[in-house]
Amino acid sequence: MQKTVNILNKRAKFDYEILDKYTAGIVLTGTEIKSIRLGKASITESFCEFSDGELFVINSNIEEYLYGTHYNHKTKSERKLLLNKKELKKLFKDSDNKGLTIVPLRLFTNEKGLAKLDIALCRGKKNYDKRESLKEQDTKRDLDRIKKSF
């Protein structure tokens, strides 16, 4: 078992322009947290949505716990996110704007062993923005290669 878990959503930084970041707790069952601590989770296709004034992460995939019996969890289900009321109100107001969405960036465990989720208020990138970010990655990679040779 890993000490710290750090599951990234690499597509989010490529597909979206990040405007604001938050760290939220997640309501999980026993087998879900055990599976996350083993690193068996994915947040690449997930997004966040409001329902009855509460924020939920949808379409996140947490694999079934290997040693779980009939008490095992569903792999894809809605999971409630825990934020302050002030943060929830601000996110709800901002996400009503056209073109803005809430996307999870990173799933990790803190020093207490609790699962946390970094979420961000994002705006979708256009194709030319994506090409620009690819160019930046290529030039950074080339510079790193040149620096390494010296």
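## Salt bridges, cavities and loop geometry

At 25% relative accessibility, D20 counts as partly exposed, because that value falls between the 20% limit for buried and the 50% limit for exposed. The model examined here is a predicted one. The side chain of D20 meets that of K90 in a salt bridge, with 3.6 Å from N to O. This pair links distant parts of the chain, since K90 sits in helix α3 (residues 85–95) and D20 in strand β2 (residues 16–26), 70 residues apart. K90 is partly exposed as well, with a relative accessibility of 38%.

The salt-bridge count comes to 11. Another member of the set pairs D15 with K130, at 3.5 Å from N to O. D15 belongs to helix α1 (residues 10–15) and K130 to helix α4 (residues 127–149), so this bridge ties together parts that are 115 residues apart in sequence. D15 has a relative accessibility of 18%, so it just makes it under the 20% limit and counts as buried.

Then there is E32, whose salt bridge with R79 brings the closest N and O atoms to 3.0 Å. Again the pair spans distant parts of the chain: E32 is in helix α2 (residues 30–37) and R79 in strand β7 (residues 79–82), 47 residues apart. Both ends are tucked away, E32 being buried at 5% relative accessibility and R79 at 3%. As for networks, salt bridges with shared partners join R11, D15 and K130 into one.

E32 has buried company in its helix. T31, E32, I33, S35 and I36 are the residues of α2 that are buried. What do they pack against? The buried residues of α2 pack against a run of strands, namely β3 (41–42), β6, β7, β8 and β9. The helix is followed by G39, which has a positive phi near 85°.

Turning to empty space, the search turns up 1 cavity of 30 Å³ or more. About 70 Å³ of space lies in the largest cavity. Its lining is made up of I26, L28, I36, A41, S42, I43, V57, S60, I62, R79, L107 and L117. Two of these names have come up before: I36 is among the buried residues of α2, and R79 is the salt-bridge partner of E32. By residue type, the cavity lining divides into 9 nonpolar, 2 polar and 1 charged.

The largest pocket has a volume of about 200 Å³. The residues lining this pocket are L8, N9, K10, K13, K21, Y22, L105, R106, D118 and I119. The elements giving two or more residues to that lining are α1, β2, β8 (100–109) and β9. Its make-up is 4 nonpolar, 1 polar and 5 charged residues.

Of the pocket-lining residues, D118 deserves a closer look. This aspartate lies in strand β9 (residues 115–124). Is D118 buried or exposed? At a relative accessible area of 15%, D118 is buried, because the limit for that label is 20%. The D118 side chain joins that of T23 in a polar contact of 2.8 Å. Leaving aside neighbours within four places in sequence, D118 is in contact with Y22, T23, V103, P104, L105, R106 and F108. Some of these contacts, including Y22, L105 and R106, turn up in the lining of the largest pocket too.

Finally, the backbone has a couple of spots worth flagging. Most residues other than glycine have a negative phi. D52 goes the other way, with a positive phi near 55°. D52 is placed in the loop between β4 (47–51) and β5 (54–58), and it counts as exposed at 79% relative accessibility. N59 also has a positive phi, near 70°. N59 sits in the loop between β5 and β6 (61–62), and its relative accessibility of 26% makes it partly exposed.

Note on methods: Residues numbered from 1 in each chain as written. Predicted model: local features only at pLDDT ≥ 70, side-chain atom pairs only at ≥ 80, totals over all residues. Heavy atoms only, no water. Helix = DSSP H or I, 4+ residues; strand = E, 2+ residues; numbered from the N terminus. Buried < 20%, exposed > 50% of the residue type's maximum accessible area, 1.4 Å probe, protein only. Polar contact = N/O pair within 3.5 Å; in protein donor to acceptor, adjacent residues only side chain to side chain. Contact = heavy atoms within 4.5 Å. Salt bridge = Lys/Arg side-chain N within 4 Å of Asp/Glu carboxyl O. 1 Å grid on protein atoms, 1.4 Å probe; cavity = no way out; pocket = protein on both sides within 12 Å on 5 of 7 lines; lining within 4 Å. Points joined across faces, edges and corners; volume = space filled by probe spheres on them. Nonpolar A, V, L, I, M, F, W, Y, C, P; charged D, E, K, R; others polar.
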